[in-house]
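Student: Got a minute to go through this model with me? I'd like to work from the chain contact outwards.

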Amino acid sequence: AVSHYRLFPKALGRLVAALGVRELHLALTQGFWRTRAWGQPPLQAPAGAELWVWFQPTVTDVDKAWKELSNILSGIFCASLNFIDSTNTVTPTASFKPLGLANGTDHHLLRYAVLPREVVCTENLTPWKKLLPCGSKAGLAVLLKAERLFHSSYHSQAVHIRPICRDASCLAVSWELRQTLTVVFDTFSSGQGKKDWSLFKMFSRTLTDACPLASQSKVYVDISPKNKEKELLEVTPPPASVHEAIVQGDKRTYAVYDLLSPSLFNTSRSLNVQLKWKRPQDSSELPTPVLHAQRYVSGYGLQTGEISTLIYNTHPYRAFPVILLETVPWYLRLYVHTLTIITKGKENKPSYIHYQPAQDRRRPHLLEMLIQLPANSVTKITIQFERALLKWTEYPPDPNHGFYVSSSVLSALVPSVIAMKDVDVEQSPLFTSLFPSSDGSSYFVRLYTEPLLVNLPTPDFSMPYNVICLTCTVVAVCYGSFYNLLTRTFHVEEPSRGGLAKRLANIIRKFRGVPPL
Amino acid sequence: QLAVPVAVVFAPGSVPGDLPRPLPFKDVQETEISVNVRTSVTSCYQMVYRSTTAQEEAALDVATAREADAALHPLQDASLGSLTVYVVPETSCLLPQGISVYVGKHRSALVRAGGGLATLHTRLRQLMQVMSFTDSSIAAALSDRMPGSQLGPDARRHLKSSLGYEITFSPLNPDPKSHAVHWDIEDAVNRYVQPVLDKLSLVANFSVDSQILYYAVLGVTPRFDKESSSFLLSAHSLPHVINPVEARLGSSAASLYPVLNFLLYVPERSHSPLYIQDKDGAPVSTNAFHSPRWGGIMLYNVEAPASPQASLPLHVYVDMVRVMEVFLAQLRLLFGLSREELPPEILLESPGNEGLADWELDRLLWAHTVENIATVSTTLNSLAQLLDKIGNIVIKDDVASEVYRAVASAQSAMAKLATGHLHSAFQASKEAVTSSERAFFDPSLLHLLYFPDDQKFAIYIPLFLPMAVPILLSLAKIVREARQRKKEPTKID
């Protein structure tokens with residue numbers, strides 16, 4: 001077998017070819033995206049590690065390939081993806097449609113798994129940077145220094161591989177590898193009080209040149225005027241061009257810095273983009289996103305509980321459907337007959353439900369529903385569960401921390417408040433792939449809710465020691481005394497004169513003023 | 001025991017006078033190679049002496065040795081491991097002057113007769129050393145496994161025998177701003193590398209791939225040499241070159257075979273031209289070096305552009321012929337197919353496009369078969385020792401059947417080696433290695449490994465000790481009383 005790689009990393013290429021993978025999406029996230037404070041995320045991922053893969057139809061044993069794939073990826077990315085097994089893998093039927101070219105979608109070829117307990121740190125960032133052709137030595141990636149990136153409120157790195165058409169006529173198919181890194185630096189709340197930022201302040205580095213292998217290397221800064229007020233902010237150095245686009249239903253203006261254009265580094269050797277607010281800003285006036293959601297666990301005690309999901313549709317006049325995917329581990333036994341969906345006080349019946357009950361220690365619960373959200377409403381979905389008692393070797397090392405339930409996924413085509421026109425795909429392919437639009441009137445959104453932390457009834461792990469001590473004491477005392485009584489022989493003994501104990505007792509009696517023994 | 005079937009064919013006019021018996025006859029020569037104090041390998045050459053047939057005479061009747069070799073090839077029995085030696089008359093013009101032995105591409109050789117049987121025997125023995133295995137090659141194959149062998153570390157330089165190898169060609173470009181490297185690897189692989197790998201496909205499965213690495217620097221800063229106005233890497237700094245590059249090369253995630261890396265380093269513009277200096281101080285002609293069991297590195301210098309104002313990056317079109325020559329030579333060295341020093345009267349035919357001659361393939365197979373059998377025996381021995389030490393390990397049925405299969409295959413491999421069937425011996429040894437590895441590395445062996453004895457004590461002692469103490473005390477009292485009663489039998493109160 002022969003294969004040659006130039007810019008595409010060989011490790012991923014051999015993996016994809018050897019295991020028959022059609023699409024691969026891996027995201028490692030630390031933190032949770034606060035939609036109400038930060039707005040709609042460009043690309044959200046659930047807390048922990050998320051891996052979903054579409055396999056080629058030629059793969060015969062998908063489960064075996066899935067297990068091998070998660071183990072190899074765990075080695076490449078230094079993440080413990082090898083804990084992905086059948087107890088946290090599901091096969092969604094409606095939620096994760098392929099993002100690249102697809103020839104028919106048999107959902108038996110799809111596997112989805114989330115590890116909510118996974119922690120992301122420097123050793124995951126390093127192999128991610130190693131996949132880039134220029135590494136972290138040139139281009140935009142020089143900014144990605146680990147000590148600044150992890151001092152942030154939200155950090156998410158992702159790798160996406162999918163097949164795409166090589167050109168407009170689509171005669172040949174190529175693999176596309178997209179690596180995304182989403183970081184939120186919250187300087188306002190981290191003590192500095194001002195919302196001005198610069199590249200140097202955020203990354204402690206500036207841009208010096210572009211990667212010589214890149215065909216495009218650009219920096220986009222969002223300078224959209226709010227409430228039609230101009231001159232609210234100032235960007236230095238002044239941008240060479242300004243790009244306007246409709247992103248997520250909103251008209252936005254971006255200042256563009258093209259690192260490959262020779263005029264950019266004429267005046268200074270390095271590029272440090274700075275943004276200053278002309279007027280002091282009060283708390284952010286980001287528009288509420290059209291779709292956002294919340295999830296929590298309610299109930300008391302360690303036997304039963306209830307999972308509630310609240311989905312908000314803030315669009316003033318449009319209703320749209322949303323697909324909700326919930327994966328609940330087997331030890332929280334869901335009772336589907338208690339599933340209620342209430343919108344505006346009335347019951348809302350979903351038009352499509354796919355429920356796969358769990359099998360103990362083998363498979364988690366899978367619940368997929370297509371729910372219609374009326375305009376300007378809140379939908380509450382509740383389901384009750386019962387907590388199971390695990391065997392004592394199945395508890396993780398810190399059982400009183402709790403058990404994580406992975407985030408539920410909401411996928412929807414949200415109608416935009418402003419109609420969009422088709423953005424020119426050729427001009428800025430990266431930009432459009434980040435904010436795609438299938439047609440002008442709606443855009444695709446995938447949201448994740450919070451992960452839940454649930455306490456299971458935990459046994460007392462010191463009980464085996466207690467049992468041994470108790471049993472042995474009881475046996476020793478009872479058996480010992482019975483045996484002694486049965487087999488003791490008595491014989492006369494001379495009274496002894498002194499003895500240390502008697503002398504000590506006499507000393508104490510003298511102090512007390514009591515006659516000695 | 002290793003057996004080699006050899007056929008010695010005498011052309012008319014070349015029969016020495018002092019043959020012990022008339023043609024055709026058989027003879028067996030055995031020599032012993034001792035690997036270490038306890039083990040030794042017997043090599044047994046089964047020689048068959050006969051005279052030529054009419055077709056062979058016609059084939060030998062051509063002008064040059066090369067044509068004779070080509071003509072004789074279809075007439076021989078071409079099983080692996082066997083050799084055919086044709087003895088031509090002293091006056092024959094097939095062999096050029098001064099050459100008395102000619103070794104062909106396939107498994108045959110031409111020897112000039114003359115001087116009687118003794119010289120013929122010495123020439124034949126020399127030939128066997130060249131074309132088949134030598135003492136040192138067998139000892140080297142076993143030296144990894146046998147402790148206490150007399151050979152030094154130089155013997156462990158060849159690649160270990162394995163079921164497959166992955167070959168990776170990686171050009172390293174530390175300065176993509178100045179040099180844009182274009183290399184047509186796919187065509188070069190198909191034209192130059194694939195024929196060699198097809199020939200070697202009997203030995204193992206090969207897969208080839210390539211990647212281009214950018215911003216990969218060598219670990220050593222080269223010195224500037226004023227006289228030649230070039231940069232030099234001295235021979236003793238070469239071992240430090242590989243380490244920082246190794247991290248970028250990446251291991252093959254999808255397979256378990258060992259990887260052979262061939263790197264082509266294009267030095268940065270500020271460090272051009274760069275030459276490797278050998279121990280005597282002279283620059284190495286091919287500008288390449290290889291590391292045993294790892295791969296090879298070649299430095300490819302780019303000429304400075306004629307005008308200093310040339311636009312960067314310079315486009316470098318790599319000359320694949322020169323590069324592939326070096327890499328293929330390094331591949332041969334890595335496998336241990338090097339040509340040692342030969343006496344001047346032996347002429348070796350170059351193998352042409354295929355990269356190696358049939359008899360070289362045989363040498364590789366002999367060494368690998370012997371090494372495989374040694375590996376099987378060490379693996380199974382360690383498994384047995386492990387079981388002796390830790391009695392807790394549970395051996396499942398399929399692990400046991402793998403062990404039996406490994407033993408059976410190893411025994412059949414040794415039997416086939418003793419009769420001279422190299423091909424089937426090699427296949428049997430490969431099966432034996434696979435089975436033994438599968439048995440040894442089976443994950444089910446580890447299940448009951450950690451059940452230490454002190455855990456058992458910790459559970460049972462707190463229960464039995466308090467019960468046992470009164471019993472023991474009363475037993476002691478009984479014994480004491482019995483002894484007292486024996487002493488004073490008639491003490492009546």
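What follows is a short back-and-forth on this predicted model.

Student: How much area do chain A and chain B bury between them?

Tutor: The size of an interface is often given as the accessible area lost when the parts come together. Here the contact draws on 28 residues from chain A and 31 residues from chain B. Carbon and sulfur atoms account for 60% of the buried area, and the total is about 2,700 Å².

Student: Which residues of chain A lose the most area to chain B?

Tutor: Three residues head the chain A side, and together they make up 22% of what that side buries. They are A:H4, A:K10 and A:R14.

Student: Which residue of chain B forms a salt bridge with A:R14?

Tutor: Side chains of opposite charge can pair when their charged atoms come close. For A:R14, the closest N and O atoms of the pair are 2.8 Å apart. The pair crosses between chains, from helix α1 of chain A to strand β9 (residues 205–211) of chain B. A:K10 also meets that strand residue in a salt bridge, at 3.5 Å from N to O. The partner is B:D209.

Student: And how many salt bridges are there between chain A and chain B?

Tutor: Over all chains, the count comes to 14 salt bridges. Between chain A and chain B, the count is four.

Student: Which element gives the most residues to the side of chain A that touches chain B?

Tutor: There are 10 residue pairs in polar contact between the two chains, counting those with both residues at pLDDT 80 or more. On the chain A side, the elements giving two or more residues are β1 (2–5), α1 (10–19), α3 (62–77) and α9 (463–487). The top contributor gives seven residues, and that's α9(A).

Student: Over to chain B: what feature does UniProt place at residues 457–479?

Tutor: That stretch is 100% helix and 0% strand, with its end C-alpha atoms 29 Å apart. A nonpolar surface patch of about 500 Å² is made by B:F457, B:I461, B:L465, B:V469 and B:L473. One of these, B:L465, sits in helix α11 (residues 453–487) of chain B. The label comes from an unreviewed UniProt entry, and it reads "transmembrane region".

Student: Last one, on backbone oddities: what is the omega of the peptide bond from A:T236 to A:P237?

Tutor: A:P237 lies in the loop between β10 (233–236) and β11 (241–247) of chain A. Another loop, between β17 (332–343) and β18 (346–347), holds A:K344, which has a positive phi of about 50° although it is not a glycine. As for the bond from A:T236 to A:P237, it is cis, with omega near -10°.

Key. Residues are numbered from 1 along each chain as its sequence is written. Chains are lettered from A and ligands numbered from 1 in the order in which they are written. This is a predicted model: local features need pLDDT of at least 70, side-chain atom pairs count only at pLDDT 80 or more; totals for chains, interfaces and linings use all residues. Side-chain values use heavy atoms; hydrogens and water are left out. Patches are made of residues with over 30% relative accessible area and no salt bridge: like charges are joined within 9 Å, nonpolar side chains (Val, Leu, Ile, Met, Phe, Trp, Tyr) within 5 Å. Accessible areas come from the Shrake-Rupley method with a 1.4 Å probe; for residues, only the protein chains shown count as cover. A salt bridge is a side-chain nitrogen of Lys or Arg within 4 Å of a carboxyl oxygen of Asp or Glu. Helices (H or I, at least four residues) and strands (E, at least two) are DSSP runs, numbered from the N terminus. UniProt positions are given in the numbering used here, feature names are shortened, and annotations may be inferred rather than shown by experiment. Contact means heavy atoms within 4.5 Å. Buried area is the accessible area (1.4 Å probe) that two parts lose on being put together, summed over both. A polar contact is a pair of N or O atoms within 3.5 Å; within protein, one must be able to donate a hydrogen and the other to accept it, and residues adjacent in sequence count only if both atoms are side-chain atoms.
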